[in-house]
Each structure stands twice: as C-alpha cells, then as structure tokens.
Amino acid sequence: MVIMLLFFVLTFVIGVLTINLWRARRKLPKGPTPLPLIGNFHQLAYTCWKAGGTVAGYNEFRKEFGKVFTIWLGPLPTVHIADVEVAHETHVKRANIFGVRYSNGGINYIREDKGVISSNGEYWQEHRRFALATLRNFGLGRNIMEEKIMEEYRYRFQDYKRTNFKNGGIEVHASSCFDLLVGSIINTMLVSERFEQGDEEFDYMLESVERSLGRLSIFDSFTPPWILKSDWWQWRTKYVFGGLEFLLGMAKRQIERRVEAISNGEHAIGEDAEDFLDAFLIKMDKDKRDGIVDSSFNLDSLAIDLFDLWLAGQETTSTTMVWACVCLLNHPEVVAELRRELLEVTGGTRCLTLRDKPNTPYLNATINEIQRIASIFNTNIFRILEEDALIDGQIVSAGAVFTAQISLLHTDEAVFKDNTKFDPGRFMENNNLEKNLIAFGLGKRSCLGESLAKAELYLITGNLILDFDLEPIGPVPEIKTTTPFGLMKRPPSYNIRFPVPVYTIGYYAWKAGGIVTGFREIERIYEKNFTLWMGPIPTVPIADFEIAHETHVKRAHTFEVRWVYGPMNFIREGRGIAASNGEFWQEHRRFALKTLRDFGMGRNIMEGRIVEEYNYR
Ligand code: HEM
C-alpha cells in the first residue's frame, strides 16, 4: 500500500515537472530533450566526452540544433549563442537587456554581490565606471600603464639573466615566467608591489587560486550560495573555494599595509593616484567630504574590487602569453617576419612602444590570431535575462541564463577557415575578420581590462621578439589544450629558452645600421656598464656622461694611459703623441700644447693663419 502511494506521488511529481519543462521549452531555443531535475547533464557529459572536450561537444549541439541552442543544467536553462552576428545583435545593439550578470553559486560565494564581475545594478555601474576611469587615467599623459608594463618587463628579464642564464639564453618554465611578470604588472597597477622569484606568499597564492579554479566544476558554479554557506556543505565549499579565500586575504593585507603606511607618514597620497589603491582611497575621502553617507566605496568593497581585478587580470593575460609562445615556437617563419617588421619600425635601436601600433600590422594580426587560438575560456561567463527577449527571432523567457560562447565562435569553420591552423595572415588578408574576434566579450559586460591586456600583449610579445630568439627546451609543445573539459582552456606546460643574440658589436652594428646605433642597442639591453670582448680582450665602453667625468677627469691619473695596439703603433713605434705613453708622451704633449698656446698669444699667429687660409681658399 505504502509502495503504491509512493509510486503515485513520484509519478505525480515527475508528471508535473515534465509538464513544466515542456511548457518552459516553448519559450526557449531548441536543444536536446531534458529530463526533470537533471536537465541535459547526461547528454552534455556524454557528448563532450565523445567529442573530446567541452567546445567540441558544444559544436555537436550547434550542428544538431543551430546557431542558438539550449542546454538545461539541472533545472536551469542556459542559452548558448554560437553566431557572431546574433551575439552582436543582442549584446551590443540591445546591451541594456543583455547586460545583466548571472551571479549565483560559485561566482558570488566570495563576492556577495560586491566587486565588478558578479555585481549588478547601480553598485556594478559605479564600481565598473570607477575602475575603467582609473585604468584610463593611467594610460593618459605620462602613460603610467605603459611605463609600468615596460619597467616590469625589463626588470623580470634582467633578473632572469642573472639567475637563469644557461646554454646561451634565459631558460624558464613558460607559465612561471609569465605568471610572475603579469602578476607583477597587475599588482604594481593595483598596489605598487612587485613579486620576486621565490616569494612564498605569491607562489602559495598562485597555487591556491589555480587549485580552486581547477576544482570549481560547473556543478559548483550553479550551487546556490545558501547551500555553499551551510555547515553541512563546508567540506565541499572549503575544498573548492579555500584558494580564492587566500587571495581575498592577501588583498586585505595589502590594504592594511597601505592604511598603516599612510597613518605613520611612510606613504603620502598626491593629487594624482599612482595605483588603484590610492585612487580608491581618494574616492572614499571625496565621498566622505561630499557627505555621501551610504557610499559603496569603503574598505570592504575595496578588498573585493582588488580581488576581482587581480583574479581577472592575472591568469587571463599570463595564459594568453603562454599560448603566444606555443604558437611562435611552432612557427619560426612568423617570428622571422615579425622581427623584420619590428626592426624596420624601431631601426633596432629602441624598444617597441604603443605608439608604434599603427605601423606594425603583422604584429597586430599575430596577436589577434594568438587570442583566437588561445580562446582561454572553454565556457564563457554567463549573464541572465530579466525580461522576455528575442534571440535570433526566438522568444526567450526571463530567467534563462545565456552567453556568447567565445571559444565556439572562434572555431567556426565558416568564419575562420582551417580554424585549427595558426595563421596570422588571415587577419592581414581580411580587414573585416577582426570584428569576429571577441576574445574580450561584447557589450556592457565586456572585459574591463581590455586596454591593459592589449597593451601587455603588444609590448611583451613585440619586445621579446626584438630582444631574444625563442627556442623550445625539449620537444616543441603542441598547439593543443591540456584541459578540454575545464572552465579555462590551458596551454601545455613547457620550458623555453630565450637566447640572447650574439654578443658582438658587429652583430649589433649590422642590426642597428651603424656603430653608434649598435652601441645604443647594447646599452639599451645591458644598461650603461657593459663589456664587449674584442676577441680575447675585454673592452668597456662608457656610455654615461657622469661616469665619463668621474673617471676621465676626477681620477685622470688612473684613466690616462693609451691602449696602444697593433695598427695604431705600426708607423709610430711608440713615438708621437697619440700612441705614446709615460714620460715621452708627457714631454711631447706638453711641448705641442705650449707651442700652440704661444701661437695664440701676442700677435696671435693662430688666428692670422686661419683667416689667411680661409680668405685664400
Ligand atoms: C588576455 C587577457 C584577457 C582576456 C582574454 C579577458 C577576457 C574577458 C572576458 C571574455 C570577460 C567576460 C565578458 C562577458 O561577460 O562577455 C571578461 C570580463 C572581465 N575582465 Fe577580462 N580578460 C583579460 C584581461 C583582463 C584584465 C587585465 C583585467 C583587469 C585589469 C580584466 C578584468 C575583467 C573584469 C573586471 C571583467 C568583468 C566585467 C564586468 O562584468 O563588468 N580582464 N574578461
């Protein structure tokens, strides 16, 4: 009897759920038939496994259901846009409707509706506008952004030159190298603190964040916050989010250090902020002076903003740079063409700067192609519809979450022919192709750090190619992701050597188009104290006015001896003034000087002769 009753209740519940599902599907794009409660989880898992990855799985759904399709993740319908025209039409043209972030579960657990990534409404508007304006100000006038990127780039590679120079080049693990470089760039932009090799806090934090992102499954992303916070779920919450909590703790410690430094007079904030933290404190102070009592700019929200900007700004750009080197190692012909273009633009005598961008079409095309191949998210971050809206002519009900599937769009064979091939030429041949590249997303919720990321990719890639060669250590890493099922699409792990081109003035003079420009190039790379070995003889050209004075004038006695070598002494044989030394040189120089001086005195024979010869000639 009880069993019968249970059976009826169960049948009734499943029946109601099935009818609800059927009704809901009428206001959604097509997709595989979902089951009550589990939705399409089983088809998604099977299709992706069979196709060899999430993106390949989505592609199977696109083939079957068209350019916009629905996948039910449990009871939640997710709409995937796999067509760039539709993505533009919705995200850009109707940005207001399509600009709300879906912030449930994983994405909001730490942020609690704060920060820039998962907040919405007025709070999001204020904080996004503030962060954008601050980053924009760093790119204006003195261009602090470019200065900081180049300073960190130079520092990192000089440092590696000291510690990792082997077999004629700098040998590093690609991810560790770019993690440290990009991590330091974003951290100096945010709080003016650089990370060093072997910094335990930095290494631990990177490892923890990576662990958290690796453990974060699609299941955790959609678990409601009240479950994540409940005591009985802590085993899972701590396991997944522990690493991210460490990052938040680090942001809080950075704020504490700054507040303390201000109060004890070690740090002063000028009128123009030099980093995000100062800009935020200035804004807090201004809101206070303006009498805004419920301002959303306070130390708690600052910690989440720093957390968001760090998280979104480090992993993304570093991963793209690791992909960049994978692509370039596989295509030495692209490196050669890039070097030709960059030497032409810089003359080989200076660094590449952002002002060079209009004159480096091949580098621009190469970076576009790197970003297309990289497409670092297998699944893009979701947004939510708060009202019914049309997507590609199909009505979609409020409450559906959706996203433009960037990785899928970037591998659309109809748009990017031979899509698995790394070919920067495709962007050179077709100027319109760039609008189909949406690595930073589209519309109101597109990437906030786009200008910073683009500046980093341009300056680091371009200057690396100018300064070094690229060689794999071991086999060339494949252009293939190692995490086809993860949320992020990671490149292979590999070591790389950056050989320093041959150390001879001949090479640099040839490269720079002259001896003086060659010296300048060497000075730029090795700074003002450098040594050139002329065969077995070390020569030290002094390229700094202060040092020249200090040595040649103040310590003249030590620095007065002429190096008299072969050809210089061939005719003179230790005599004359230019190639002699010691007492002989002193007597003859003194005599010649005195004679010339006498000619300039009294009747001034010197002047008379010059005028006479000038008039005659
Ligand atoms: C190559 C590097 C980068 C790539 C490929 C990238 C890509 C993206 C993408 C695809 C989104 C989601 C857009 C959407 O919802 O459609 C996003 C959002 C975001 N990115 Fe980036 N990003 C990069 C670097 C950065 C950097 C350097 C920063 C920080 C300075 C940053 C900060 C953000 C923030 C705060 C958001 C959320 C914006 C919002 O919801 O209003 N990103 N990024």
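At what angle do helix α2 and helix α3 pack, and how far apart are their axes? In this predicted model, helix α2, spanning residues 41-51, packs against helix α3, residues 54-65, at an angle of about 110°, and the two axes lie 7 Å apart. Angles of 65 to 115 degrees count as roughly perpendicular, and α2 and α3 are therefore described as roughly perpendicular to each other. Their crossing is right-handed. On the α2 side, the contact is formed by Gln43, Leu44, Thr47, Cys48 and Ala51. These residues meet Thr54, Ala56, Gly57, Tyr58, Glu60 and Phe61 of α3. By class, the residues of the contact of α2 with α3 comprise six nonpolar, four polar and one charged.

Helix α3 also takes part in packing on a sheet. It lies across strands β1 and β2 (76-81), and its direction is at about 125° to that of β1. Both strands belong to an open sheet of four strands, ordered β1-β2-β8-β5, in which the pairing is mixed. Strands β1 (68-73) and β5 (383-384) are the edge strands of this sheet, each pairing on one side only. Strand β5 is joined to β8, residues 401-404, by two bridges, and these two strands run antiparallel. Within β8, Phe402 stands opposite Arg383.

A further open sheet of four strands has the order β3-β4-β10-β9, with antiparallel pairing. Its edges are occupied by β3 (165-166) and β9 (471-472); each has a single partner strand, so one side of each is left without a neighbour in the sheet. Strand β4, residues 169-173, runs antiparallel to β10, residues 495-499, and five bridges join the two. One residue pair is formed by His173 and its bridge partner in β10, Asn495. Helix α8, residues 174-191, packs on this sheet and touches both β4 and β10. The direction of α8 makes about 90° with that of β4.

Helix α8 additionally packs with α19 (450-467). The axes of α8 and α19 come within 12 Å of each other and cross at roughly 135°, which makes α8 oblique to α19. The crossing of these two helices is right-handed. From α8, the contact involves Phe178, Leu181, Val182, Ile185, Ile186 and Met189, while α19 contributes Leu452, Glu456, Ile460 and Leu464. Nine residues of the contact of α8 with α19 are nonpolar, none is polar and one is charged.

Helix α19 also contacts helix α14, residues 299-330. The axes of α14 and α19 come within 11 Å and cross at roughly 35°; this crossing is right-handed. Thr317, Thr320, Met321 and Leu328 form the α14 side of the contact. The α19 side consists of Ala453, Glu456, Leu457, Ile460, Thr461, Leu464 and Ile465. The contact of α14 with α19 contains seven nonpolar, three polar and one charged residues. Glu456, Ile460 and Leu464 of α19 thus appear in the contact with α8 and in the contact with α14.

The iron atom of the ligand has Cys447 as its only protein donor, through atom SG at 2.3 Å. Cys447 is placed in the loop between α18 (425-429) and α19 (450-467).

How values were computed:
Residues numbered from 1 in each chain as written. Predicted model: local features only at pLDDT ≥ 70, side-chain atom pairs only at ≥ 80, totals over all residues. Heavy atoms only, no water. Axes fitted to C-alpha atoms, helices over the stretch in contact; angles between N-to-C directions. Parallel < 35°, antiparallel > 145°, perpendicular 65-115°, else oblique. Left-handed = near helix turned anticlockwise from the far one by under 90°. Contact = heavy atoms within 4.5 Å. Nonpolar A, V, L, I, M, F, W, Y, C, P; charged D, E, K, R; others polar. Donors = N, O, S within 2.8 Å, 3.2 Å for Na, K, Ca; no water. Pairing = 2+ DSSP bridges.
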